[in-house]
Amino acid sequence: MIMLIRQFQAQRMHAPRDFQSISPEPICVEIGAGKGKHALLFTRNNPERQLIAIERTREKFLAMQKQHALEGQSNLQTVHADALPWVVHALYPAQVEQFFILYPNPEPHNPAQRWANMPFFEFLISRLQTGGTITLASNIPEYIDEAEQQMKALWKLPYVKEVIPQDSARTHFEIKYLERGELCQQLIITKPEGYSTRFDEFQPLHGQNATAAE
Ligand SMILES: C[S@@+](CC[C@H](N)C(=O)[O-])C[C@H]1O[C@@H](n2cnc3c(N)ncnc32)[C@H](O)[C@@H]1O
């Protein structure tokens with residue numbers, strides 16, 4: 001099913017608590033990083049890249065932070081926040097080299113919570129560099145099928161679809177699903193040359209609206 005969606009109301013996003021701005025250099029961003037297994041691996045294996053790993057569940061964020069303190073990657077920054085307001089307040093247009101959204105596990109009955117169905121997805125694309133990628137992984141075949149449909153019909157973005165190999169172990173959820181014998185897949189979505197969104201001129205809010213935050 002193709003969903004026609006309203007425009008994302010970026011300017012209405014309240015600043016995350018204790019928000020800190022970032023500098024406009026190229027970065028990678030992981031959304032829903034959990035306990036940080038992928039973020040720690042990625043920064044160890046890609047010392048030339050900077051990664052910001054965002055997690056909104058406190059106990060998972062604390063586990064990631066603890067492991068990061070042990071391993072000490074200087075190219076990793078962990079953030080405890082909801083990714084939507086954080087992205088709107090922090091990221092510059094065309095700043096991001098790669099987004100990672102690994103095993104987001106939406107409510108099965110709430111299609112509006114799936115990333116490729118959200119008005120916010122347009123904002124996310126606006127933050128990507130030309131040639132930048134969004135990696136979206138899931139163990140739910142319908143989730144990947146629906147996202148694939150949305151890339152073709154709504155967002156008009158090129159992608160490749162991959163089956164995750166049995167021995168992959170990038171995240172805690174990936175390990176669990178592969179051990180259970182489930183099919184894990186991902187879309188690697190690319191922003192092509194000349195792609196435009198309605199947010200291409202939208203500058204980061206840098207913590208404005210902070211007083212109104214809950
Ligand atoms: C099923 S877990 C997967 C965690 C990790 N990526 C993994 O594969 O092990 C999904 C995670 O996304 C986080 N999450 C969901 N929506 C989020 C949002 N808007 N901002 C930040 N984190 C979010 C949840 O708190 C949860 O920890």
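How do the residues of the shell around the ligand divide into nonpolar, polar and charged? I opened the notebook with that one, and the tally came out as 8 nonpolar, 6 polar and 4 charged. A reminder to myself before going on: this is a predicted model.

**Entry 1: the ligand's neighbours**

I listed 18 residues around the ligand, and Gly32, Glu55, Thr57, Ala83 and Thr171 come nearest. Next I looked up which helices take part in the shell. I found that α3 (83-90) and α6 (172-179) each supply at least two of its residues.

**Entry 2: polar atoms facing the ligand**

I went through the nitrogen atoms of the ligand, then turned to oxygen. For Asp82, I noted an N or O atom of the side chain 3.0 Å from a ligand nitrogen. With Ala83 the partner is a polar backbone atom, and a nitrogen of the ligand lies 2.9 Å from it. For Thr171 I wrote down 2.7 Å, between an oxygen of the ligand and an N or O atom in the side chain. I then checked how much of the ligand is covered: taken alone it exposes 590 Å², and the protein buries 90% of that.

**Entry 3: the largest pocket**

Which pocket does the ligand take up? I was pleased to see that its space is the largest pocket. I put the volume of this pocket at about 1,000 Å³. Its lining has 43 residues, and those nearest the centre are Ile31, Gly32, Arg56, Pro104 and Trp115. I also looked up the elements that give two or more residues to this lining: the strands β1 (27-31), β2 (51-55) and β4 (96-102), along with α3 and α6. By residue class, I have 22 nonpolar, 11 polar and 10 charged in the lining of the largest pocket.

**Entry 4: the second largest pocket**

I moved on to the runner-up, where the space comes to about 590 Å³. Here I counted 22 lining residues, with Pro16, Arg17, His80, Ala81 and Asp82 nearest the centre of the second largest pocket. Two or more residues of this lining come from each of α2 (58-71), β3 (76-80) and α3. Which element gives the largest share of the lining here? I found that β3 does, with 4 residues. The lining of the second largest pocket splits into 11 nonpolar, 5 polar and 6 charged residues.

**Entry 5: cross-check**

Reading back, I see Asp82 twice: its side chain has an atom 3.0 Å from a ligand nitrogen, and Asp82 is also among the residues nearest the centre of the second largest pocket.

Terms used:
Residues are numbered from 1 along each chain as its sequence is written. This is a predicted model: local features need pLDDT of at least 70, side-chain atom pairs count only at pLDDT 80 or more; totals for chains, interfaces and linings use all residues. Side-chain values use heavy atoms; hydrogens and water are left out. A residue is near a molecule or strand if one of its heavy atoms lies within 4 Å of it. A polar contact is a pair of N or O atoms within 3.5 Å; within protein, one must be able to donate a hydrogen and the other to accept it, and residues adjacent in sequence count only if both atoms are side-chain atoms. Accessible areas come from the Shrake-Rupley method with a 1.4 Å probe; for residues, only the protein chains shown count as cover. On a 1 Å grid over the protein atoms alone, a cavity is a set of points where a 1.4 Å probe fits but cannot get out, and a pocket is an open set with protein on both sides within 12 Å along at least five of seven lines; lining residues have an atom within 4 Å of a point. A molecule sits in a cavity or pocket if more than half of its atoms lie within 2 Å of its grid points. Ala, Val, Leu, Ile, Met, Phe, Trp, Tyr, Cys and Pro count as nonpolar, Asp, Glu, Lys and Arg as charged, and the others, Gly among them, as polar. Grid points are joined across faces, edges and corners, and a volume is the space filled by probe spheres set on the points.
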